[in-house]
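Reader: I am new to this structure and would like to learn how to read its features with care. Could you take me through them in turn?

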Amino acid sequence: MVRDCKPSDLRDPINGPQHKVMMHLDGAAACSDFRLAKVADELSGLIPAPVSVVAWFRHFIDVDGALDDNERRVLERLLDYGSPQPAPHGSGAVQLLVTPRLGTISPWSTKATDIARHCGLDRVRRIERGVVWRIVAETDPTQAELAAVAERLHDRMTESVFVGDDAPAALFLRAEPSPLRCVDVIGGGRDALVLASRAEGYALSGDEIDYLLDRYTRLGRNPTDAELMMFAQVNSEHCRHKIFNADWTVDGEPRESTLFGMIRSTHEAHPGSTMVAYSDNAAVIEGARQAEWLTADAADGVYRFATEPAPILMKVE
């Protein structure tokens, strides 16, 4: 079922509400029966039992004007995938909607929108997907219990959660970019950088603050918040490994190796089944041999079973 939301639900602070309509289309089941049972078991410790849970995908479509009948059919076919949607059941159920975090665009959205455009849906500005959770308990949960359930069902780092059946129009709102701000190093000196680092989370060390103070004093101007953020990221432990590549003194004795060198030395002494280590944040270890369907003979192009080693790649960031 496609439902059109009122254009006034989409008051974009940049483009305004004109010609903008949001639709939503319910889709397939979002979880396997196994996962639903596991979630129900976990929720039974948060709200009165018994607890039954169903979950399905809900697609939100930001369109530039109304779609005609043919465009609607194409859109519905594109979003018809997966196992059948479970039938919502039970009266007095609580319904939560989990979406990608407001202000972000999910990888799924990027791909789905691109596919829609290639299928001739030029009016579609963006497609996003959320998960509707319908929970039936013995009694209606309290506000505190509902908050605990919402905490369990979404990742606050990457997702937002809504209560009820309202479409989250804020999914498609685009905020005005914030203007650059300057940190008053010329007037406030070192303290200005210390306060900015603490307030914005730059995590600058003492020597980095001294370096920035010296450089911008010589330049005769104040740094912007964008410049400080870029410096903090490029000069961070993640990028430069300032601590792991530093000189170390352990138990009063200077060490010839850096911390990274000490860690790598264990692999050099005991490589085991490692094929590649400490290369581009990745490692490869030996795996089992497995049968694969390959074109072993390029001359005839016929697929045959062949037994090949299957190394295991481990990637970290």
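Reader: Where should I begin, and is C182 buried or exposed?

Author: Please keep in mind throughout that this is a predicted model. Exposed stands for a relative accessible area over 50%, and C182 is exposed because its value is 55%. C119, with a relative accessible area of 38%, is partly exposed.

Reader: How many disulfides are found in the whole structure?

Author: The general idea is to look for a pair of cysteine sulfur atoms within 2.5 Å, and a search of the whole structure finds zero disulfides.

Reader: Turning to pockets, how much space lies in the largest pocket, and which residues lie nearest its centre?

Author: A pocket can be read by its volume, its lining and the elements that supply that lining. Here the largest pocket holds about 320 Å³ of space, and its lining is made of 13 residues, with F260, Y278, N281, A282 and V316 nearest the centre. Two or more lining residues come from each of helix 10 (259-269), strand 9 (274-279) and strand 10 (282-285), and strand 9 gives the most, with three residues. By class, this lining has six nonpolar, four polar and three charged residues.

Reader: What is the volume of the second largest pocket, and which element gives the most to its lining?

Author: The second largest pocket has a volume of about 270 Å³, and 17 residues line it, among which F57, V98, G130, V131 and E159 are the closest to its centre. Strand 4 (94-100), strand 5 (124-136) and helix 4 (143-153) each give two or more residues to this lining, with strand 5 giving the most, five residues. The lining of the second largest pocket divides into nine nonpolar, three polar and five charged residues.

How values were computed
Residues are numbered from 1 along each chain as its sequence is written. This is a predicted model: local features need pLDDT of at least 70, side-chain atom pairs count only at pLDDT 80 or more; totals for chains, interfaces and linings use all residues. Side-chain values use heavy atoms; hydrogens and water are left out. Buried means under 20% relative accessible area, exposed over 50%, partly exposed in between (1.4 Å probe, protein chains only). On a 1 Å grid over the protein atoms alone, a cavity is a set of points where a 1.4 Å probe fits but cannot get out, and a pocket is an open set with protein on both sides within 12 Å along at least five of seven lines; lining residues have an atom within 4 Å of a point. Grid points are joined across faces, edges and corners, and a volume is the space filled by probe spheres set on the points. Helices (H or I, at least four residues) and strands (E, at least two) are DSSP runs, numbered from the N terminus. Ala, Val, Leu, Ile, Met, Phe, Trp, Tyr, Cys and Pro count as nonpolar, Asp, Glu, Lys and Arg as charged, and the others, Gly among them, as polar.
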